[in-house]
Amino acid sequence: MATNRVKDKIFLSGNEALAHGAWEVGLKVACAYPGTPSTEILETLAKFPEVDVQWSVNEKVAFEVALGAAIGGVRSLFACKHVGLNVAMDPLMTAAYTGIGAGFVVVVCDDPGMFSSQNEQDTRWVSIYAKLPMFEPSSPAEARQMVKQAFKISEQFDTPVLLRMTTRISHTKEDITIDTRSVPVQPPFQLNIQKYVMVPGNAYQRHILLEKKLQKLKTYSENSKFNCIEIADKKIGFITSSITYNYLKEQFPQASYLKLGFVYPFCDDKIRKFAKSVKKIYVVEELDPFLEEHVKTLGIKCFAKDPSFRIGELRPEFMSDIVNGKAKVEKKPDIRKPRMCSNCPHLFTFATLKKLDAIVAGDIGCYTLASLPPISALHSCVCMGAGVTFNEGLRKAFPSGKIVGVVGDSTFIHSGITGLINAVYNKAKGIIFILDNSTTAMTGGQHHPATGFTIRNKPTKKLVLEDLCRSCGADYVAVVDPKDRKKFEEIVKQRINADALSVIIARHPCPLINR
Amino acid sequence: MDNKTCNILFCGIGGQGVLKASEICGWAAIFDGYHVKKSEVHGMSQRGGSVESHLRFGNKVFSPLITAGCVDYLVSFHQDENTRMKKLLKSDGVDLVEYLGKAQAQIQDPKHLNTFLIGVLSTFLSIKEASWIKAIEKVFPGKLLSQNKEVFFKGRRMIKI
C-alpha cells in the first residue's frame, strides 16, 4: 500500500486523494508529463504496483497512450496542468468522437493566480468546445468521490470525462477515508473501424452520436447528486462551484446554494428551479464568467462579480466585496519571490550570456527565473519549446542581432526537438543552449528519457541528447560544463559569430537532486 | 473537543520546514478526531520564496484558507515573514514570534526549528499529548524520530502549561 493509513483516515492532498480514488476503481494505466500543480497525481499512482504508470515525453503523447489503453479495454487516466492540455488538444477533440472501450478520465489542474504558470486560462470552456462532460470538485474528499464517478460515467456514456481541479484543491490536504481496490471485468477488445477510424464519413456518424450523447448527459446532470441544492435563507441564493463554494459557505453560512459539481452539460432545469426558489441570485466563481454567462442565457436575472475579479485567485476575504459589487483592490505583492538557487549551474550559463549581451529566447523551467533582476538575461517565455523556435523567429526580424535560444533538457525532449529539426531544415542560424541539469527540476526532479530512468526509478534506455542533435543535422554540437567558465565562454564566443546552427549542451546536474 | 474552527498560519521561507510543521499539526488534529484542512502551494516557492501554510481544524471545515484577520495562531519561521503576515491575525490572535529567537537559541540544528515550534504551539491547543506524539511518529521516519521527539518536548516544556 502506498499510503500512511491511520485506522481508516489518511491525510491526503487533492492530487493524492484523486489518485487513490482512481486506484480504488481499478485504474490500470496512467500517463502524464510533470507540471505544477498536477505532478503529484502520477507520483502517487507510481506507488501502486497494480497501475502501469509513465512519465511521457509530452502531454500529447501521454494522452494518446492513455486513450489507446482505454480503447483497448482498461481503465486509464491522463493528468496535466491547464497549459499541458493545450498540447493534448489535438487527440482530445477527436477522442470525444471515438469514445472509449473502458473508462478514460482526463484530469486537468488549472492554476488561478499563476503560482507556477505562464497564464491563467479557465479550462471549463474546453468542456463546451470539446463536447465532453466535466466534473469540478471543491475539496480533496470530493476529488476522490468524483474521479470514481467519472470512470462510471465514462463507460456508461462511452466518452472521455474531464475532471477539472485548481491549484488550491490539488494542494489542499484533508483527512479522508479510503476504500479497497476493485477491478471491473475487462471488456473484450473489439475492432471497430466505424468507431475508431475517424475519416470524414465515420466521423460524421460519430458526431451525430456525440450530439445525442450530450442530450443524455444533460439528463444525467439534472439528476446528479453532485449538482446539489441547499435551501436555507431564501433571500440570497448562490450559484457556485469548486473552491469558491467553500469561501462563500464561510462568509454566508445562512444563504441558499446551488453547488455545481458536474458542471457540463449544464443542469438547466435545476438552475431554473433554484432561481425560482430564492429572491436574489448571485453567481460567484473563480476566473472566467463560465457559469455566469450560461445562467444569463437562461434568461435568469443574476448578480455576478466585477470583471476585475476574473483576474487571479479568489480568497475568502474577497467574498463580501464580490457580493457588494465592488471592484478588486490590487495590492502590490509583498512576498519574497523565488529565485535561482545559489549553487544552480544555470547561473553560470546566464553570467556568460549577460556578459556577451545576448538576446535570449527563453523557455519554461527553473531557468525562466533568469529573467528576474539582478540577472535579467532571459528575454522571452511563452510556452514549452519556444526557446528553440523564437531564436529562429527573432532572427528573421533582426538578422544582425546577437540572438540565442535556451531550453531545458526535459523541455527540449518535450517540444524543443521539433523546433531544432525545423531550424536545420529551414537553415536557421544561432546557438541553441540545452540547459541540461539532468532532471525536470522545476516540478521537483522527475525523470525523463535522457536521465535513463523511469518514474519508478528503474533503469531504461537512455536518450543521448548530443547524438540526437547531431542526427537532426546541427552544424556543431558540444557538451560543456557551464561551471568551467573559461572554457564555456570561449566556446560561446566562438560560436556566437559563426554562420551556423550550433547546439551547446550546458551539462551540470541540479544540486537539489540526489540520486 | 472544541466546537470552534481553529486557524493556524505557518510562515517562513522555502527549505525551512514550514510545510512539515503544519503536517505534524494536521495529523495531531486528525488523531484527536477533528476534520482538518491544510492549504499551501508547492512548486516555485521551493526556490527560496515565501512559504505559507494554512491549517484549520474543527467539526466541519469549509475553506482551506484562513480569512484575513481570522488567524488564531501565527507560527513564524522568519522575522521578515512575520512582519508581512501578522496583519492577518485576529485582534485577540496569538503571535508566537516571541518564541522564534528562543527556539533558534535552543536548537543545534536549524532543521529542528519546525519540531521545536510545534512543541511551543502544542501548549496553546486543545490537542492531547498522545496525539502529538503519534503525529511526530507519523511524519518522521526511523532515525529522525527520537531526536525530533526530544526537540518537541524541549519546545513544549519551554512554555509552562
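Helix axes here are lines fitted to C-alpha atoms over the stretch in contact, and their angles run from 0 to 180 degrees between N-to-C directions. With that in hand, a pair of helices in chain B of this predicted model can be described. Helix 3 of chain B, residues 98–106, and helix 4 of chain B, residues 113–122, have axes that come within 10 Å and cross at roughly 130 degrees. Angles over 145 degrees would count as roughly antiparallel and 65 to 115 as roughly perpendicular, so helix 3 of chain B and helix 4 of chain B end up oblique to each other. As for handedness, the crossing of these two helices is right-handed.

Turning to the residues involved, helix 3 of chain B brings Tyr99(B), Ala103(B), Gln104(B) and Gln106(B) to the contact, while helix 4 of chain B brings Leu113(B), Phe116(B), Leu117(B) and Val120(B). Sorted by class, that makes six nonpolar residues, two polar ones and no charged ones.

Then there is the meeting of the two chains. Chain A puts 32 residues into the contact and chain B puts in 27. On the chain B side, the elements giving two or more residues are helix 1 (18–31) and strand 2 (35–39). Strand 2 of chain B supplies the largest share of that side, with five residues. The mix on the side of chain B that touches chain A is 10 nonpolar, 11 polar and six charged residues.

Strand 2 of chain B also pairs across the chains: its partner is strand 8 of chain A (residues 172–177), in the antiparallel sense and over three bridges. Within this pairing, Thr172(A) has Ser39(B) of strand 2 as its bridge partner.

Methods. Residues are numbered from 1 along each chain as its sequence is written. Chains are lettered from A and ligands numbered from 1 in the order in which they are written. This is a predicted model: local features need pLDDT of at least 70, side-chain atom pairs count only at pLDDT 80 or more; totals for chains, interfaces and linings use all residues. Helices (H or I, at least four residues) and strands (E, at least two) are DSSP runs, numbered from the N terminus. Angles under 35 degrees count as roughly parallel, over 145 as roughly antiparallel, 65 to 115 as roughly perpendicular and the rest as oblique. A crossing is left-handed if the near helix is turned anticlockwise from the far one by less than a right angle, and right-handed if clockwise. Two residues are in contact if their C-beta atoms, placed from the backbone, lie within 7 Å. Ala, Val, Leu, Ile, Met, Phe, Trp, Tyr, Cys and Pro count as nonpolar, Asp, Glu, Lys and Arg as charged, and the others, Gly among them, as polar. Two strands pair if DSSP finds at least two bridges between them.
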